[in-house]
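Trainee: Before I trust any label in a structure, I would like to hear how each one is justified. Could we go through this one together, setting values against definitions?

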Amino acid sequence: MAKGKDVRVTVVLECTSCVRNRVNKESMGISRYITQKNRHNTPSRLELRKFCPCCYKHTIHGEIKK
């Protein structure tokens, strides 16, 4: 099996509320998580509720391009 056609791929999840609301000047930045997904079971973009240390609450983190 070729290296580029692996079933499990590494994806980066980024906080969607931090990206939209860049008003908080004293925040640390944008929250990002690294995880893996199965390309056959989840062909669409992944969205999970994770804790954002910049917003201090659980928000939706969406998959971004590397």
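Trainee: How many bridges join strand 1 to strand 4, and do these strands run parallel or antiparallel?

Mentor: Please keep in mind that this is a predicted model. Four bridges join strand 1 to strand 4, and the two strands run antiparallel. In strand 4, Ile64 is the bridge partner of Val12, while Glu63 stands opposite Leu13.

Trainee: What makes strand 3 and strand 4 a pair?

Mentor: Two strands pair if at least two bridges are found between them, and six bridges join strand 3 to strand 4, which run antiparallel, so the rule is met. One of the bridge partners in strand 4 is Gly62, which belongs to Glu47. The hairpin of these strands has four residues between them, and Tyr56 there takes a positive phi near 60°.

Trainee: How do the four strands come together, and why are some of them said to stand at the edges?

Mentor: The four strands form an open sheet in the order 2-1-4-3, with antiparallel pairing. Strand 2 and strand 3 each have a single partner strand, so one side of each is left without a neighbour in the sheet, and that is why they are said to stand at the edges. From one strand to the next, the twist averages 45°. Along the chain, counted from the N terminus, the elements run β-α-β-β-β.

Trainee: What makes the contact between Glu14 and Arg32 a salt bridge?

Mentor: The cut-off is 4 Å between a side-chain nitrogen of Lys or Arg and a carboxyl oxygen of Asp or Glu, and the side chains of Glu14 and Arg32 meet at 2.5 Å, N to O, so the pair qualifies. Glu14 lies in strand 1 (residues 8-15) and Arg32 in strand 2 (residues 32-38), so the salt bridge ties together parts that are 18 residues apart in sequence.

Trainee: Why is Glu14 called buried and Arg32 exposed?

Mentor: Buried means under 20% relative accessible area and exposed means over 50%. Glu14 has a relative accessible area of 11%, so it is buried, whereas Arg32, with 52%, is exposed.

Trainee: How do you know that Lys37 and Glu63 form a salt bridge as well?

Mentor: Their side chains meet at 3.1 Å, N to O, which is within the 4 Å of the rule, and therefore the pair is counted. This pair links distant parts of the chain, with Lys37 in strand 2 and Glu63 in strand 4 (residues 57-64), 26 residues apart. By this rule the count comes to two salt bridges.

Trainee: Are Lys37 and Glu63 buried or exposed?

Mentor: Lys37 has a relative accessibility of 8% and counts as buried, and Glu63, with a relative accessible area of 17%, is buried too, because the cut-off is under 20%. In the whole protein, buried residues make up 27% of the 66 residues.

Trainee: What is the confidence in this model, and where is it lowest and highest?

Mentor: The average pLDDT is 83, and 77% of the residues score at least 70. Confidence is lowest in helix 1 (residues 16-20), with a mean of 79, and highest in strand 3 (residues 47-52), at 94.

Technical notes. Residues are numbered from 1 along each chain as its sequence is written. This is a predicted model: local features need pLDDT of at least 70, side-chain atom pairs count only at pLDDT 80 or more; totals for chains, interfaces and linings use all residues. Side-chain values use heavy atoms; hydrogens and water are left out. Buried means under 20% relative accessible area, exposed over 50%, partly exposed in between (1.4 Å probe, protein chains only). pLDDT is the predictor's confidence in each residue, from 0 to 100. Axes are lines fitted to C-alpha atoms, for helices over the stretch in contact, and angles run from 0 to 180 degrees between N-to-C directions.
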